[in-house]
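This report considers salt bridges and helix packing in one protein chain. The sequence and structure are shown first, and the findings follow under short headings.

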Amino acid sequence: MSLVPAATRALRLLRFLASRPGPVSASAIANGLGLPRSSVYQLLEAMAEEGFVTHLPEERRWGLGVAAFEIGSAYLRHDGIERLARPLLHQLTETTGATAHLGVLHGSDTLYLLKEQPPHAPTLITGVGVRLPAHLTASGRAMLARLPRAQVRALYPDRAAFTDRTGRGPATPGELRTLLSEERQQGWSIESGQVTEGFVSVAAAATDHNGRPAAAISLTVPSARPVTPQALAARVRDAAGELTRRLSGRAGSPAT
């Protein structure tokens, strides 16, 4: 149990509001969070005083306040890991002619934070802010391979946890476990046509001070391009290693 349940509930409430397309009622918040309506009203009133939520009395709804916007804007100004990774991605694109991405895990999704694209490169669906199923992306699997196995099992407990885009890629916990084991051993991940037909991506994870995956750097090229995945993987691993160093991270075996 959290030692600061009120703070935890307030953060959950903010995330709930941020996930909705517009203001919602207090009863919807209570139902969505599984909290008593009286507790939700107390949280809303306290957060409104600090400007994190705002009340729309005519609509009887609540939305994000100016303070929440300020926090989000501050993140965009600071963007620590993006600042550290941006020159690495730029160099990768310059030297390989491939499209480079920086991604992080968000639950069982890969969330893309940066994209460096060479001139005249084919259009890809992977843009900043886009989320894709982690088990289908090279970036996602590079990070999943470095998570404790119990955490991967929690994210992918059964076949229902797996989505499909092109009919390729792992579709069961066993298939994912085998694939992650192989990619963990080689030190990089690859996907071919699992996200978009006709494209190949390779990725490697950068790790934090605990050896956990902080982000992944990937390169994507058309499948027909005359370059071996191994050649791209060598570049990606070097960049991920440098990002690990910049994060004061620790390389090593993933947790078990």
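## Salt bridges in the model

A salt bridge is here a side-chain nitrogen of Lys or Arg lying within 4 Å of a carboxyl oxygen of Asp or Glu. The structure is a predicted model. By this criterion, a search of the whole structure yields four salt bridges. Among them are the pairs described below, one of which joins arginine 168 to glutamate 197.

## A link between distant loops

In the pair formed by arginine 168 and glutamate 197, the closest N and O atoms are 3.3 Å apart. The two residues belong to distant parts of the chain and are 29 residues apart. Arginine 168 sits in the loop between helix H7 (149–155) and helix H8 (173–186), while glutamate 197 sits in the loop between strand S6 (189–192) and strand S7 (199–207).

Arginine 168 has a relative accessibility of 38% and therefore counts as partly exposed. Glutamate 197 is also partly exposed, since its relative accessible area is 46%.

## A network in helix H9

Glutamate 242 forms a salt bridge with arginine 245, in which the closest N and O atoms are 2.6 Å apart. Both residues lie in helix H9 (residues 229–246); because they are three residues apart, about one helical turn separates them. Glutamate 242 also meets the side chain of arginine 246 in a salt bridge, with an N to O distance of 2.9 Å. In this second pair the spacing in helix H9 is four residues, so the separation is again about one helical turn. Through shared partners, the salt bridges join Glu242, Arg245 and Arg246 into one network.

How accessible are the members of this network? Arginine 245 counts as exposed, with 54% relative accessibility. Glutamate 242 is partly exposed at 23%, and arginine 246 is partly exposed at 32%.

## Packing of helix H1 against helix H2

Two packed helices are described by the angle between their axes and by the distance between those axes. For helix H1 (residues 5–18) and helix H2 (residues 26–33), the axes come within 11 Å and cross at roughly 110°. The two helices are therefore roughly perpendicular to each other, and H1 passes H2 in a right-handed crossing.

On the H1 side, the contact involves Arg12, Leu13, Phe16 and Leu17. These residues meet Ala28, Ile29, Gly32 and Leu33 in H2. The residues of this contact comprise six nonpolar, one polar and one charged.

## Packing of helix H2 against helix H3

The axes of H2 and helix H3 (residues 37–49) come within 9 Å, crossing at roughly 115°. This angle makes H2 roughly perpendicular to H3, and H2 passes H3 in a right-handed crossing.

H2 contributes Ala26, Ser27, Ile29 and Ala30 to the contact, whereas H3 contributes Arg37, Val40, Tyr41 and Leu44. The residues of the contact of H2 with H3 divide into six nonpolar, one polar and one charged. Ile29 of H2 meets H1, and Ile29 is also among the H2 residues that make the contact with H3.

Technical notes
Residues numbered from 1 in each chain as written. Predicted model: local features only at pLDDT ≥ 70, side-chain atom pairs only at ≥ 80, totals over all residues. Heavy atoms only, no water. Buried < 20%, exposed > 50% of the residue type's maximum accessible area, 1.4 Å probe, protein only. Axes fitted to C-alpha atoms, helices over the stretch in contact; angles between N-to-C directions. Parallel < 35°, antiparallel > 145°, perpendicular 65-115°, else oblique. Left-handed = near helix turned anticlockwise from the far one by under 90°. Contact = heavy atoms within 4.5 Å. Nonpolar A, V, L, I, M, F, W, Y, C, P; charged D, E, K, R; others polar.
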